[in-house]
Amino acid sequence: MIEVSEKSAIETARAIAKGETSAVAECDAAIARIEERDGDINAVIVRDFDRAREAAAEADAAVAAGEARPLLGVPMTIKESHDIAGLPTTWGVEMAKDFIAQKDSLVVQRLKAAGAVFVGKTNVPPMLADWQSDNPVYGRTNNPHDLSRVVGGSSGGSGAALAAGMVPLEYGSDIGGSIRIPANYCGVYGLKPSYGIVPLEGHYFPGTDGADIPLSVTGPLARTAEDLALAINLTSDIALPGAPSRALKDYRLLVITETDLAIVDDEIAQAVESIAAQCENAGATVSRSSDLLPELAGLHSQYLHMLLTVLAVRDPTSEYPLPDLPGWCDMLDQQARARRQYRALFEQFDAILCPNAGTTAFPHTPVPMNDRKLIVNGEEQEFGKQFGWVSIATYPGLPAVSAPIGADSEGLPIGLQIITGFHADHTAVELGRLIGALGNG
């Protein structure tokens, strides 16, 4: 019988440092879990076991020599779109299936410097552009909670590998919910960081490089909030302020379960309201409206225009009309105004609590996103309405954590989106930890 490890990344690193286990033993155990569990899930689609064992042996030698690093010897996987030298980076696109990265991404470099041991890479949708992870290069990833359901995207393999207990730590990317949605659908934690704090270098379409992409970020997924905090500190370009030392009673929370642009299943809305009530019972100040909240439908329209423009620039097959330079500057001005609006809001509130999406993990479907429908509260709805929830944080570049808060009537995970002010990433993570301690995660 293969031992099931529920240790977090921090706990694993501590156990290795104390000599209670070894990096090689933890690496072998992670490999065994992948080999045992991943057949029907198909999350870890690029496997680098031989080099991982070599890196683990080097980590044990470093421990023996007295070295101390935050992730020394901890096995992990990473989203396929991050370059690791010697491994394929395809973004799930068949034309790139033979591309082999020559250099580690900056995120990979920083995690390796902290001692992490990479055992493989995890699955994505083509061009990182769907909320299910199915592509012609690696096939489909299935949700560990229900194999007939999607894992989310585009960091779908990341969420699945964590949910199945294969590894304790992952690293993804997010421009349209690509960290938060897999965390939400798979029942794990995920952090979309503040825009611009984690480098995108080495997270480019295969064989390209260039400027960072507007709206796009890379960030961690994990089974605990504490691991998110460690991972973002290890990879951020700046020293983020720590979370205030507070109990739940000291937080000012704005709860949103209804908007003019996004829809949500009643079970999810009730789960969010239940958490809000528990926070209120713990002494938190909870509001359900504010004159400072921007007009979300208008900002969502601006977000979609910017998102589709950014994607069209990178896609030669796109027919989306591109703006001229004055038009692009107008878009940047609109985004700057939105950021100022949210800055004023977060002078009165510590966080927004809201859903990540309108449903839990939906059944696999071959229907493209533009034509896709979802059943919400028994009625068929346009799939695009789902993006209204993730755009609240993405458009102004704010940090957002997806934290597990329970399950629906079918046993599928429900996640809570926790949005905080710019660079208040650790506040979002800490709130995720405190809410998880309520016993609902």
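Where does H423 lie?

1. **H423.** This is a predicted model. H423 lies in the loop between β15 (413–419) and α12 (425–440). Its phi is near 70°, a positive value in a residue other than glycine. H423 is partly exposed, with a relative accessible area of 25%.

2. **L128.** Here too phi is positive in a residue other than glycine: L128 has a value near 60°. L128 sits in the loop between β3 and β4 (134–135). With a relative accessible area of 11%, L128 is buried, because the cut-off for that class is under 20%.

3. **The largest pocket.** The space in the largest pocket is about 1400 Å³. It is lined by 47 residues, and those closest to its centre are M127, L128, A129, L308 and L311. So L128 belongs on two lists in this note: positive phi and closest to the pocket centre. 

4. **Pocket lining.** Two elements give two or more residues each to the lining of the largest pocket: β6 (169–174) and α9 (296–314). The largest share comes from α9, with nine residues. By class, the lining residues divide into 25 nonpolar, 14 polar and eight charged.

5. **β2 and β3.** Strand β2 (residues 75–79) is mostly covered, with five of its five residues buried. β2 pairs with strand β3 (residues 117–122) in the parallel sense, over five bridges. One bridge can be checked by residue: K79 has T122 in β3 as its partner. Between the two strands the chain passes through helix α4 (residues 106–113), and this β-α-β crossover is right-handed.

6. **Cysteines.** How many disulfides does the structure hold? The number is zero. C186 cannot be counted in a bond because its sulfur is 19 Å from the closest cysteine sulfur, in C354, which is too far. C279 also has C354 as the residue with the closest cysteine sulfur; at 13 Å, that is too far for a bond. For scale, a disulfide needs the two sulfur atoms within 2.5 Å. C186 is buried, at a relative accessible area of 1%. C279 is buried as well, at 0%.

7. **Cis peptide.** Check the bond that joins G153 and S154: the peptide is cis, with omega about 10°. S154 is in the loop between β5 (139–140) and α5 (156–163).

Key: Residues are numbered from 1 along each chain as its sequence is written. This is a predicted model: local features need pLDDT of at least 70, side-chain atom pairs count only at pLDDT 80 or more; totals for chains, interfaces and linings use all residues. Side-chain values use heavy atoms; hydrogens and water are left out. On a 1 Å grid over the protein atoms alone, a cavity is a set of points where a 1.4 Å probe fits but cannot get out, and a pocket is an open set with protein on both sides within 12 Å along at least five of seven lines; lining residues have an atom within 4 Å of a point. Grid points are joined across faces, edges and corners, and a volume is the space filled by probe spheres set on the points. Helices (H or I, at least four residues) and strands (E, at least two) are DSSP runs, numbered from the N terminus. Ala, Val, Leu, Ile, Met, Phe, Trp, Tyr, Cys and Pro count as nonpolar, Asp, Glu, Lys and Arg as charged, and the others, Gly among them, as polar. Buried means under 20% relative accessible area, exposed over 50%, partly exposed in between (1.4 Å probe, protein chains only). Two strands pair if DSSP finds at least two bridges between them. A crossover is right-handed if, with the strands pointing away from the viewer, the path from the first strand over the helix to the second runs clockwise.
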